[in-house]
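Colleague: Please take a close look at the enclosed empty space in this model. I would like the walls described, and then the parts of the chain around them.

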Amino acid sequence: MNHVDLSSYDIFSDQTSYIYQPSYETLFELEQDPSLDPNELGILTSLDAVSVDTGAFTGRTPRDKYVLMDHTTDHSVWWTSARYPNDNKPISPEIWTHLLDLVSTYLNGKKLYVEDLYCGNDPRYRRKVRIVTEIAWQAHFAMNMFVRPSDEELESFGDPDFVVLCASRVTNADWKSQGLNSENFVAFNLEMGLQIIGGTWYGGEIKKGIFSMMNYFLPLKDVPTMHCAANQGDNGEVALFFGLSGTGKTTLSTDKGRRLIGDDEHGWGMNGIFNLEGGCYAKTAKLNAKSEPHIYHAIRRNALLENVMIDETGEVDFNDVSKTENGRVSYPIYHIDEVVDDPQSVGHANKIILLTADAFGVLPPVAKLTESQFLYHFLSGYTSKVSGTEQGVLSPIPTFSACYGAAFLSLHPMTYADLVLSKIRENHTAVYLVNTGWQGDGKRFPLAVTREIVRWILNDTTPLNNYDVLPVFELRVPQSIPGVESSFLDPRSNFAHVEEWEERAHKLADDFITNFEKYDDLDNYRWIKKGGPLSTIVS
């Protein structure tokens, strides 16, 4: 075992108290210890994967995310403001010290799991990450999600670049007097390279916390980091799939005949795309072997299920979402049969697909974008919240999240947009918008149809004169796609009366325009705005 020194965080446990670099076999046994509390206990399922319950938090708690404001971050972090409300809420050195003391005091003397891992497959850009937790299944989650060093790499690992201290049982009783949101907290100190977690058991806080930090450090070195999936074809071409939760980036990037690079977080370096992670984190609601075979069959020994319904025999029911719509499974990427051979260097992206799930039947299932349209839609990051996906949502709500991942952006959205656009220009990358949402008749676009559209995109050489321009959003829509009925391509054909589509289109355009007004401080605002809808509601 390597010597683990946590004394700089006032944690002085004896080395024998640390379980360093636990194996899957060790964690498999420890997380099923019947003496564990319910939130610690893992249950073996009929799929041979362990299932855990993350308690009250079945998703991240962005309202409890804080970043220490100091000389390092004062003028660099994209702080929340009236113009740009986001999750980067500043805290003072005094509050940070208080929260760190709560975590350190609790973890001091405890039996801890300590893991040294990488974030990033490309050695030129990866960060050394140390995860510290007292919960076996959280260590299991981290092992699934990050890149595991070889024995040789571990020998020379040295000091980590970033540390996560996870103390799920710790809460902050002074939160009201400190002006915080609740007793729970996920806080970052960029100068120390430290994340502390208190009050929430949700494993995704570890994963997305590190991603937020990569979103800070790498773009400052002109390396774009992206909330997207990526895969590669047999001829070596690479495709990126941007999208918010529920739009299909994990599903669509995992497809027959394509090798998966990663399903969620990537960087774009000098030699091409590289995965930041070592595993996948897929939603399980309504999952079945027929529609998503790659993901379904990845759920086996060493996979970790979160917040799924199981009966007393361990049988899993993915159709029962009474606990949450956000049931998840994490698994090492090699559980997918078709993955890239060398994740360190897969080449530059040839195609970019921006995924949206439009619930209003307005947007076409596919459109090819100009540069200004790419920037407009990338900065908008549109999708729809629909009934059942979030408590209190009874009808569709337009939702905008910059760069398709505003919750994880540490710098201004234009920083990422500029970097990605530069890569697009350098590599002559074509960009498409794909709507995986609903048609005017209330039916969702069939997954089989969307897959055919994506396959067409990956081989598209259609001349521009074979595209029609859809009014209002001025999107270029292909006139035909082999294997796809023409009625799918024009969203107006799915309404009884074209006037109904026009009314909805103008309403959605107005929502886009209102959201985009916050960017009017950008130097190239007028040019980017030309990539958006050209009209608002007609009175």
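**The second largest cavity and its surroundings**

Modeller: The lining of the second largest cavity holds 8 nonpolar residues, 4 polar ones and no charged ones. Keep in mind that this is a predicted model. The space inside comes to about 70 Å³. Its walls are built from Phe211, Asn215, Thr225, Met226, His227, Phe242, Phe378, Cys403, Gly405, Phe408, Leu409 and Tyr416.

Which elements supply at least two residues of this lining? They are helix H5 and strand E11 (225-232). E11 has the largest share, with 3 residues.

Cys403 is one of the lining residues, and its backbone deserves a look. Phi of Cys403 is near 60°, which is positive although the residue is not glycine. Cys403 sits in the loop between strand E24 (397-400) and helix H9. Is Cys403 buried or exposed? Its relative accessibility is 5%, so Cys403 counts as buried.

Two other wall residues, Phe378 and Tyr416, lead to a helix pair. Helix H8 (residues 371-380) packs against helix H9 (residues 413-427). The angle is about 145°, and the axes are 10 Å apart. The crossing is right-handed. On the H8 side, the contact is made by Glu371, Phe374, Leu375, Phe378 and Leu379. On the H9 side, Pro413, Met414, Tyr416, Ala417, Val420, Leu421, Ile424 and Arg425 take part. By class, the contact has 11 nonpolar residues, no polar ones and 2 charged ones. Phe378 and Tyr416 thus appear both in this contact and in the cavity wall. A general point helps in reading such lists: an α-helix has 3.6 residues a turn, so residues three or four places apart point the same way.

Now the largest cavity. Its volume is about 90 Å³. Arg60, Thr61, Pro62, Lys65, Val186, Phe188, Glu205, Lys208, Gly209, Ser212, Ala407 and Phe408 line it. Two elements give two or more residues: strand E9 (185-189) and helix H5 (204-217). H5 gives the most, with 4 residues. By class, the lining divides into 5 nonpolar, 3 polar and 4 charged residues. The wall of the second largest cavity, by contrast, has no charged residues. Phe408 lines the largest cavity and also the second largest one. H5 contributes to both linings too. Across the whole structure, the search finds 5 cavities of 30 Å³ or more.

Open space is a separate matter. The second largest pocket has a volume of about 360 Å³. It is lined by 18 residues. Asn121, Val147, Arg148, Ile333 and Pro343 lie nearest its centre. Its lining has 9 nonpolar, 4 polar and 5 charged residues.

Next, some buried parts of the chain. Helix H3 (residues 136-145) has 10 of its 10 residues buried, so the rest of the structure largely encloses it. The buried set includes Trp137, Phe141, Met143 and Met145. It also includes Gln138, His140 and Asn144.

Asn302 has a positive phi as well, about 85°, and is not a glycine. The residue falls in the loop between helix H7 (293-297) and strand E17 (304-306). Asn302 counts as buried because its relative accessible area is 16%, and the cut-off is under 20%.

Thr436 is another loop residue. The loop runs between strand E25 (430-435) and helix H10 (447-458). With 7% relative accessibility, Thr436 counts as buried. Beyond its neighbours within four places in sequence, Thr436 is in contact with Thr247, Leu252, Leu355, Thr356, Ala357, Arg444, Phe445 and Thr450.

Met69 gives a loop position that is less enclosed by the cut-offs used: at 32% relative accessibility, it counts as partly exposed. Met69 lies between strand E4 (65-68) and strand E5 (89-91). Its contacts, leaving aside neighbours within four places in sequence, are Asp74, Trp79, Pro90, Ile91 and Pro93. Met69 and Val484 are 415 residues apart in sequence. In space, they are 52 Å apart, C-alpha to C-alpha.

Notes:
Residues numbered from 1 in each chain as written. Predicted model: local features only at pLDDT ≥ 70, side-chain atom pairs only at ≥ 80, totals over all residues. Heavy atoms only, no water. Axes fitted to C-alpha atoms, helices over the stretch in contact; angles between N-to-C directions. Left-handed = near helix turned anticlockwise from the far one by under 90°. Contact = heavy atoms within 4.5 Å. Nonpolar A, V, L, I, M, F, W, Y, C, P; charged D, E, K, R; others polar. Buried < 20%, exposed > 50% of the residue type's maximum accessible area, 1.4 Å probe, protein only. 1 Å grid on protein atoms, 1.4 Å probe; cavity = no way out; pocket = protein on both sides within 12 Å on 5 of 7 lines; lining within 4 Å. Points joined across faces, edges and corners; volume = space filled by probe spheres on them.
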